[in-house]
Amino acid sequence: PSMGSQVLDKTDYVAQGKFFNLRQTFPDLNYRPYDFRIDAQDPTTIRFTARATGTMRKSLSLRNNVVLPANGEEMKCPPEAMSMTFDPATGQLRKLCS
């Protein structure tokens, strides 16, 4: 994962996810994944598409001290290509890319 040209390590990535509490803001958040397929060049990677939706029920605080108030509107995101790479020895998720 990255923000612009800055690559985030695991600690920063997890902290970023905790700062933006999307589940609180969009309690019905649904990533709606579909079109799962095994990568032809890397069988440990599953590629898929997601189209997130959710209703903004609570405010969302941004890092620049801006707070977006809840508005009750439905968010409909465009299709997003994603992938999950698994460790072949343990079967555990090693990498999630979006």
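**Exercise 1. The hairpin of E9 and E10**

Task: In this predicted model, find how many residues lie between E9 and E10 in their hairpin, and which residue in the turn has a positive phi.

Solution:
- Step 1. Go to the hairpin that E9 and E10 form; six residues lie between the two strands.
- Step 2. Look at the backbone in the turn: Gly91 has a positive phi of about 80°.
- Step 3. Check how the two strands are joined. E9 and E10 run antiparallel, with four bridges between them.
- Step 4. To see the register, pick out Met84, which has Leu96 in E10 standing opposite.

**Exercise 2. From hairpin to sheet**

Task: Work out the strand order of the open sheet of four strands, and say which strands are at its edges.

Solution:
- Step 1. Write down the order, E3-E4-E9-E10, and note that the pairing is antiparallel.
- Step 2. Look for strands that pair on one side only: these are E3 and strand E10 (93-97), the edge strands.
- Step 3. Compare directions. On average, neighbouring strands of this sheet are turned by 20° against each other, with direction ignored.
- Step 4. Move to E3 and E4, an antiparallel pair joined by five bridges. Here Ile38 stands opposite Ile46 in E4.

**Exercise 3. Ser83 and Asp35**

Task: Decide for Ser83 and for Asp35 whether each residue is buried, partly exposed or exposed, then list what each one touches.

Solution:
- Step 1. Place Ser83 in strand E9 (residues 80-86).
- Step 2. Apply the cut-off: Ser83 has a relative accessible area of 7%, and buried means under 20%, so Ser83 is buried.
- Step 3. Leave out residues up to four places away in sequence. Ser83 then touches Thr45, Ile46, Arg47 and Phe48, as well as Lys95, Leu96 and Cys97.
- Step 4. Turn to Asp35, which sits in strand E3. Asp35 has a relative accessible area of 43% and is therefore partly exposed.
- Step 5. Leaving aside neighbours within four places in sequence, the contacts of Asp35 are Arg47, Phe48 and Thr49.
- Step 6. For a distance across the chain, take Asp35 and Ala81: they are 46 residues apart along the chain, and their C-alpha atoms are separated by 9.9 Å.

**Exercise 4. An aromatic pair**

Task: Count the aromatic pairs, then work out which parts of the chain are tied together.

Solution:
- Step 1. The count comes to one aromatic pair.
- Step 2. The partners are Phe36 and Phe48, with 5.0 Å from centre to centre and 20° between the planes. Planes under 30 degrees apart count as stacked, and this pair is stacked.
- Step 3. Locate both rings: Phe36 is in strand E3 (residues 33-39) and Phe48 in strand E4 (residues 42-50), so the pair ties together parts that are twelve residues apart in sequence.
- Step 4. Add accessibility for one partner. Phe48 is at 6% and counts as buried.

**Exercise 5. The core and a loop residue**

Task: Name the members of the largest nonpolar core, then say where Lys58 lies and what Lys58 contacts.

Solution:
- Step 1. The largest nonpolar core has five residues, namely Phe26, Leu29, Ala52, Met56 and Leu60.
- Step 2. Follow Ala52 outwards, leaving aside neighbours within four places in sequence. Its contacts include Leu29, a core member, along with Asn30, Tyr31, Met75, Lys76 and Cys77.
- Step 3. Now find Lys58 in the loop between strand E5 (53-55) and strand E6 (60-61). At 46% relative accessibility, Lys58 is partly exposed.
- Step 4. With neighbours within four places in sequence left aside, Lys58 is in contact with Gln24, Thr25 and Ala70.
- Step 5. Measure from Lys58 to Asn21: the two are 37 residues apart in sequence, and 9.9 Å from C-alpha to C-alpha.

**Exercise 6. Cysteines and the whole chain**

Task: Say how many disulfides the structure has, then give the pattern of helices and strands along the chain.

Solution:
- Step 1. Searching the whole structure gives zero disulfides.
- Step 2. Check two cysteines: Cys77 is partly exposed at a relative accessible area of 28%, and Cys97 is partly exposed at 30%.
- Step 3. The chain has two helices and ten strands, in the pattern β-β-α-α-β-β-β-β-β-β-β-β along the sequence.
- Step 4. Finish with the totals. Of the 98 residues in the chain, 20% are buried. Among contacts between residues at least 6 apart in sequence, 41% join residues at least 24 apart.

Definitions and conventions: Residues numbered from 1 in each chain as written. Predicted model: local features only at pLDDT ≥ 70, side-chain atom pairs only at ≥ 80, totals over all residues. Heavy atoms only, no water. Core = buried A, V, L, I, M, F, W, Y, C linked by side-chain atoms within 4.5 Å. Buried < 20%, exposed > 50% of the residue type's maximum accessible area, 1.4 Å probe, protein only. Contact = heavy atoms within 4.5 Å. Phe/Tyr/Trp six-rings, centres within 6.5 Å; stacked < 30°, edge-to-face > 60°. Pairing = 2+ DSSP bridges. Axes fitted to C-alpha atoms, helices over the stretch in contact; angles between N-to-C directions. Disulfide = S-S within 2.5 Å.
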